[in-house]
Amino acid sequence: MISVILCAAGRGERAGFRQNKILQEFNGMPVLCHSLSAFSACAEIGEILVTVSPCDERQIAALLGPYPNARIVSGGATRFESVLSALNEAKGETVLIHDAARPFVTQKIISDCIASVNRFGSGVCALPATDTTVLAEDGMIKSVPARAEVFTVQTPQGFDTAQLRSAYEKAKTCDGDFTDESGVFAKFVSPPKLFIGDPCNRKLTYPEDFSIAERVGTGVDTHAFYTESEGSPFINFITLCGVRVPSDQILKAHSDGDVAVHALMDALLSAAGLRDIGYYFPDSEPKYKNADSMQLLSQVIKRIRNEGFAPENVSISILAETPRLAPYIDRMKATLAQYLNLPLSAIGIAAGTNEKLGYVGEKKGITCFTTVLLKKVTL
């Protein structure tokens with residue numbers, strides 16, 4: 001069996017909240033629950049021990065209901081004391097220790113950690129240093145280690161439970177300053193084995209780390225076709241996602257009538273908490289007459305960037321009885337990918353009819369539905 005120790009007994013004072021940061025709401029649920037959910041999803045894990053301080057015990061215990069294999073363990077004044085307390089209660093032959101304030105841990109990281117322990121007796125999540133690191137003394141650079149030899153250590157960290165427990169017992173009488181389990185294991189057992197983690201597996205430490213990481217927005221737009229009695233401009237195409245699609249029916253619009261991009265812009269603005277496209281680009285403004293919607297999209301992207309967001313994923317559904325759109329979908333995706341600075345795999349475009357029902361089925365117009373996912377970016 002594998003035991004997991006979630007370190008949650010700290011106060012997280014640097015985050016600046018009135019409560020333990022792992023109880024703070026983040027992306028829809030408390031930070032602790034993200035870590036609980038990740039480890040609970042791994043079938044190899046038999047128990048999760050959550051180290052808690054007395055002042056948080058009631059709140060944390062109330063969160064454990066959906067996680068039947070999780071229970072609380074009284075923590076200590078330091079991380080070392082908390083982990084030792086949990087180690088003494090762990091029943092698994094293997095133990096993984098994880099910072100509860102790292103809510104982005106993935107199933108791959110967890111499985112890689114377990115595989116490393118099974119093969120090498122230990123597994124410490126780490127990333128190669130991307131910046132030059134130095135050793136300093138009195139504010140001056142003392143030495144510069146070779147970058148290839150420097151790693152930043154994350155969690156989870158996995159070990160043979162008996163060996164780690166023995167190492168902790170020995171460390172109790174040692175004056176060493178141990179900041180995590182890998183240091184204890186290295187001193188009293190052997191150098192632990194590293195495995196490559198993920199840059200996304202970051203620890204929530206400061207207030208800015210708790211900004212909403214992702215937002216979802218939806219947008220809907222409809223444009224009608226010109227009727228025979230109304231006449232139409234002397235063109236033989238409509239524009240969708242910046243691509244000209246041959247059509248014998250033309251859409252009514254103040255701009256170029258790109259109904260898909262209009263729905264996309266509304267979705268982007270909505271996700272960022274901004275007003276709709278009618279507010280920013282009113283059809284009462286002559287300067288938007290026959291405007292290129294892709295240029296308007298560029299302005300929208302700048303607006304959401306100023307709010308600290310960028311698109312991560314786009315899903316577009318176009319309902320149109322006419323014209324036939326299938327031959328143009330790939331070009332639409334490529335055009336949006338260029339403007340949104342996204343890979344093709346992050347953009348989905350589906351086109352369908354309305355089975356001859358309603359105004360779409362009667363070839364009176366086109367409707368587009370769009371959903372976007374925004375990610376938080378650094379300004």
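## A parallel pair to start with

Let's begin with β15, which covers residues 309–319: it pairs with β16 in the parallel sense, and six bridges hold the match. One spot on that ladder is Leu 319, which stands opposite Gly 352 of β16. Helix α10 (residues 329–340) packs on the sheet here, touching both β15 and β16, and its direction makes about 145 degrees with that of β16. Bear in mind throughout that this is a predicted model.

## The four-stranded sheet

Zooming out, β15 and β16 belong to an open sheet of four strands, ordered β12-β17-β15-β16, with mixed pairing. Which strands stand at the edges? They are β12 (214–224) and β16 (347–352); each has a single partner strand, so one side of each is left without a neighbour in the sheet. From one strand to the next, the twist averages 15 degrees.

A second helix to look at is α7, residues 259–271, which lies across β12, β15 and β17 (365–376). Relative to β12, helix α7 runs at about 150 degrees.

## Strand β7 and its partners

Now for another strand, β7 (residues 122–128). Six of its seven residues are buried, so β7 is largely enclosed by the rest of the structure.

Strand β7 pairs with β10 in an antiparallel run joined by six bridges, and in that pairing Pro 128 stands opposite Phe 151 of β10. With β11 (residues 194–196), strand β7 runs parallel, and three bridges join the two. There, Ala 126 has Ile 196 in β11 as its bridge partner. As a general reminder, strands of a sheet pair through backbone hydrogen bonds, either parallel or antiparallel.

## Two helices that cross

Helix α5 (residues 161–171) packs with helix α6 (residues 181–188) at an angle of about 85 degrees, their axes 9 Å apart. How do the two lie relative to each other, parallel or perpendicular? With that angle, α5 and α6 are roughly perpendicular.

On the α5 side, the residues involved are Gln 163, Leu 164, Ala 167, Tyr 168, Lys 170 and Ala 171, and they meet Glu 181, Val 184, Phe 185 and Phe 188 in α6. Sorted by class, this contact has seven nonpolar residues, one polar and two charged.

## Backbone oddities

Most residues other than glycine have a negative phi, and most peptide bonds are trans. Against that background, a few places deserve a look.

First, the cis bonds. Thr 155 and Pro 156 are joined by a cis peptide bond with omega of about 15 degrees, and Pro 156 lies in strand β10 (residues 151–160). The peptide bond from Thr 322 to Pro 323 is cis too, with omega near -5 degrees. Pro 323 is found in the loop between β15 and α10.

Then there are the positive phi values. Asp 138 isn't a glycine, yet its phi is positive at about 55 degrees; this residue is in the loop between β8 (135–137) and β9 (140–143). Cys 241 is another non-glycine with a positive phi of about 55 degrees, and its place is the loop between β13 (237–240) and β14 (243–246). Which of these loop residues is buried, and which is exposed? Asp 138 has 75% relative accessibility, so it counts as exposed. Cys 241, by contrast, has a relative accessible area of 0% and is buried.

How values were computed:
Residues numbered from 1 in each chain as written. Predicted model: local features only at pLDDT ≥ 70, side-chain atom pairs only at ≥ 80, totals over all residues. Heavy atoms only, no water. Pairing = 2+ DSSP bridges. Axes fitted to C-alpha atoms, helices over the stretch in contact; angles between N-to-C directions. Contact = heavy atoms within 4.5 Å. Buried < 20%, exposed > 50% of the residue type's maximum accessible area, 1.4 Å probe, protein only. Parallel < 35°, antiparallel > 145°, perpendicular 65-115°, else oblique. Nonpolar A, V, L, I, M, F, W, Y, C, P; charged D, E, K, R; others polar.
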